[in-house]
Amino acid sequence: MTLARLAALHGVATEYAPSEGVTVAVPDATVVAVLRALDVDASTPEAVAAAVEAAERAGRERLLPPTVVHWQDGAPRPPLDLPPGTRLTVTTEDGRTVAGSAGAAGAAGSAGSAGSARSAGNGKGLDWGGLPLGVHRLSAHAPDGRRSTATLIVAPAHAPGPEGRSHGLLVQLYSLLSGRSWGMGDLGDLRELADWAGRTHGTGFVQVNPLHAAVPGAPTDPSPYRPSSRRFPDPVHLRIEDVPEFAHVDQARREELDRVLADAAELRERVLGKGALIDRDAVWEAKRRALELVHTVELGPGRRAAYRDFLAERGRALEDHATYQALAERHGHHWRRWPEELRDPRTAEAAVRADAELAARVDFHCRLAWLTDGQLAAVSHTARQAGMAVGIVHDLAVGVHPDGSDAWAQQHVFAAGMSVGAPPDAFNARGQDWGLPPWRPDALAAEGYAPYRGLLRELLRHAGALRIDHVMGLFRLWWVPEGGEPTEGTYVRYDSEAMLAVLTLEAHRAGAAVIGEDLGTVEPGVRESLARRGVLGTSVLWFERDWAGTGRPLPPEEWRAGCVATATTHDLPSTAARLSGSHVTLRHRLGLLTGDLERERTRDAAETAEWLGLLQRLGMLPEGPGEEAAEVRAFHRFLAATPARLVGMWLPDAVGDRRPQNLPGTWDQYPNWRLPVAGPDGQPLTLEELAASPRAHDLLRVLAEGVGARTAPPGARSV
């Protein structure tokens with residue numbers, strides 16, 4: 001009984017391939033540690049043998065896997081390994097019962113995986129094709145008396161796709177300040193941006209950074225990709241003046257509210273006029289003070305009824321999140337250091353009920369979630385009213401902070417002592433550790449993927465589309481044992497069929513498209529699987545080359561259609577920075593270059609010249625080289641000429657901003673996630689100034705003309 005066999009039974013890799021033709025063995029100590037996080041003892045040869053025997057016996061005795069998937073795509077599926085004469089019963093979401101024999105053929109996967117199901121092909125078989133979309137219960141009763149139940153996910157063949165082609169904006173919301181912002185961009189600014197862009201330039205979407213709830217307390221991690229909770233938005237994004245009760249704060253509290261408004265104006269002026277960085281903590285402190293005052297205003301009958309409905313719909317998930325927020329105010333956010341009875345959400349309930357002050361704070365945080373949800377709904381409505389075909393594209397981070405709300409409320413589905421990251425590759429020889437605890441694939445399957453379903457449902461409430469960061473995580477994630485180096489991690493596999501089935505089902509229910517961020521190292525077959533299920537990819541201009549052939553930039557007609565095509569992202573230099581070469585100088589100044597500065601400048605200049613040469617040959621740079629704004633337009637003409645379903649413009653590119661929003665590999669050496677949108681001179685620009693910018697109008701006009709004049713040709717490459 002080998003360790004490799006045990007690891008395979010639990011989806012843990014004992015080797016991986018960082019590049020073609022190269023295989024790296026995973027240290028045994030890593031495999032043992034990962035198995036321990038899955039509650040599997042592999043500490044001794046005897047323990048390994050016993051664990052293998054137990055897993056194989058469970059696989060033989062179990063009639064059904066924990067979760068079964070049936071795609072409504074008409075394709076035949078492998079049979080369920082059930083004894084002849086086994087009776088199957090499906091209880092649907094709405095309580096209807098459908099029964100039939102498993103017959104000679106049904107469906108399922110291997111031990112621990114979701115199965116796929118189809119009709120037995122005879123009149124006595126279960127009518128799989130007649131089952132409605134949804135999450136149902138499947139029961140099996142074998143002739144030998146064994147019984148088994150499973151979650152049955154009946155999913156559409158693919159997620160909804162955007163109608164036609166659209167161009168849109170990519171923006172980090174905190175960076176977009178207006179004359180009304182409180183020191184960082186908010187949902188009021190997002191609503192104004194969507195309204196202006198949709199009505200003036202016919203944009204089809206606005207994609208924003210994750211708006212997830214941040215870990216409470218100061219200083220807050222400014223990264224939107226390491227949140228406390230992915231299930232609930234952060235009230236720091238509220239436009240306070242748009243809260244209906246704001247106008248009704250009584251006179252006794254009005255003086256204090258005026259002081260808060262004065263502080264908010266100062267925060268805005270510091271960023272826009274004095275060159276200060278965005279201070280999320282200061283913004284939240286001002287908004288918290290204002291919201292405390294607004295909270296004293298009694299809700300009207302209609303608003304109170306709407307609030308009660310929201311509480312009932314969100315249920316325990318919201319109660320847990322609000323309880324965590326209240327407890328973190330009193331004890332700090334490190335929940336593992338809280339009094340023992342508060343470390344578990346269920347035992348913490350009694351403490352909240354017995355403490356009137358704590359219960360009031362729970363209600364306060366529930367109210368904030370409701371207010372934020374309402375403003376998100378208003379943004380979505382405005383985008384649609386402005387004519388956007390897609391609307392707001394929300395972003396799902398790959399994980400959560402280990403000390404945050406989700407990790408506290410859902411401890412049983414997170415792998416203790418593990419962190420998600422990335423293995424060593426050509427760009428990062430040391431690998432990466434993102435400090436995010438991974439979901440346990442076995443726990444997700446056992447719960448019928450309920451945590452994942454609930455997460456998607458919350459995010460899709462007001463989304464025209466959902467972007468999934470590191471979408472490869474639906475297939476496998478790199479787990480790094482606590483205290484180890486990223487190089488000492490390994491891949492753990494997830495049931496991609498089940499993950500994709502839940503994703504397409506929830507997207508279908510919401511009528512939303514799905515975009516996967518599939519940059520970097522992608523396992524063979526992953527892009528094809530995603531495309532088959534209607535998940536769009538992400539194509540960044542600088543990475544689109546004929547890597548298998550000439551190595552030259554791909555001409556536009558050879559790009560895939562099933563993607564969002566962009567010139568850059570929040571983790572990459574802006575187009576202006578690429579053209580000027582300033583990103584190389586910045587990396588050198590911060591000690592991030594691994595080679596000689598002049599050699600890197602020469603290489604970078606050659607790459608830029610190669611692209612500009614292609615643009616000239618294609619007639620996309622009629623002004624000729626040398627003028628930055630014209631060259632930026634040429635790059636976007638190129639993107640518009642591809643068959644990509646969605647073409648995104650990084651908002652800072654509209655005004656020549658040269659500073660990256662995030663510089664991977666840095667922490668306090670660079671102000672990641674704290675910079676406002678600025679012009680070429682680094683001077684911050686307001687939303688009003690951006691909307692009046694001739695440069696921005698010219699660039700958006702190029703996209704509108706290019707995308708509006710084309711449709712994806714029949715037979716265009718999808719992956």
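**Exercise 1. Find how the axes of helix H17 and helix H18 cross, and what fills their contact.**

Start with the geometry: the axes of H17 (residues 597–617) and H18 (residues 628–641) come within 10 Å and cross at roughly 70 degrees. Helices here are DSSP runs of H or I with at least four residues, strands are E runs of at least two, and both are numbered from the N terminus. Axes are lines fitted to C-alpha atoms, for helices over the stretch in contact, with angles from 0 to 180 degrees between N-to-C directions.

Next, classify the angle. H17 is roughly perpendicular to H18, because 65 to 115 degrees counts that way, while under 35 is roughly parallel, over 145 roughly antiparallel and the rest oblique.

Then the hand: H17 and H18 cross left-handed, meaning that the near helix is turned anticlockwise from the far one by less than a right angle (clockwise would be right-handed).

Last, the residues. Trp611, Leu612, Leu614 and Leu615 on the H17 side meet Glu631, Ala634, Phe635 and Phe638 on the H18 side, with contact meaning heavy atoms within 4.5 Å. Sorted by class, that gives seven nonpolar, no polar and one charged. Nonpolar covers Ala, Val, Leu, Ile, Met, Phe, Trp, Tyr, Cys and Pro, charged covers Asp, Glu, Lys and Arg, and the others, Gly among them, are polar.

A word on the model before going on: it is predicted, so local features need pLDDT of at least 70 and side-chain atom pairs count only at pLDDT 80 or more, while totals for chains, interfaces and linings use all residues. Residues are numbered from 1 along each chain as its sequence is written, and side-chain values use heavy atoms, leaving out hydrogens and water.

**Exercise 2. Do the like for H4 and H20.**

The axes of H4 (residues 187–201) and H20 (residues 694–708) come within 11 Å, crossing at roughly 60 degrees. That makes the two helices oblique to each other, and H4 passes H20 in a right-handed crossing. H4 brings Trp196, Thr200 and His201, while H20 brings His697, Leu700, Arg701 and Ala704. The tally for this contact is three nonpolar, three polar and one charged.

**Exercise 3. Which residues touch the most other members of the largest nonpolar core?**

This core has 71 residues, and Tyr449, Tyr452, Trp479 and Leu503 are the ones to pick. Its largest share, eight residues, comes from helix H13 (residues 496–510). Apart from it lies another core, of 55 residues, including Leu554 and Val655. A nonpolar core is a set of buried Ala, Val, Leu, Ile, Met, Phe, Trp, Tyr and Cys residues joined through side-chain atoms within 4.5 Å.

**Exercise 4. Is Leu299 buried or exposed?**

First locate Leu299: it sits in the loop between helix H6 (280–294) and helix H7 (301–331). At a relative accessible area of 5%, Leu299 is buried; the cut-offs are under 20% for buried, over 50% for exposed and partly exposed in between, with a 1.4 Å probe and protein chains only. Not counting residues up to four places away in sequence, Leu299 touches Glu245, Arg304, Tyr307, Arg367 and Trp370.

**Exercise 5. Where is Pro486, and what does it touch?**

Pro486 belongs to the loop between strand S17 (476–481) and strand S18 (490–493). Pro486 is buried, at a relative accessible area of 10%. Leaving out residues up to four places away in sequence, the partners of Pro486 include Arg430, Asp433 and Trp478.
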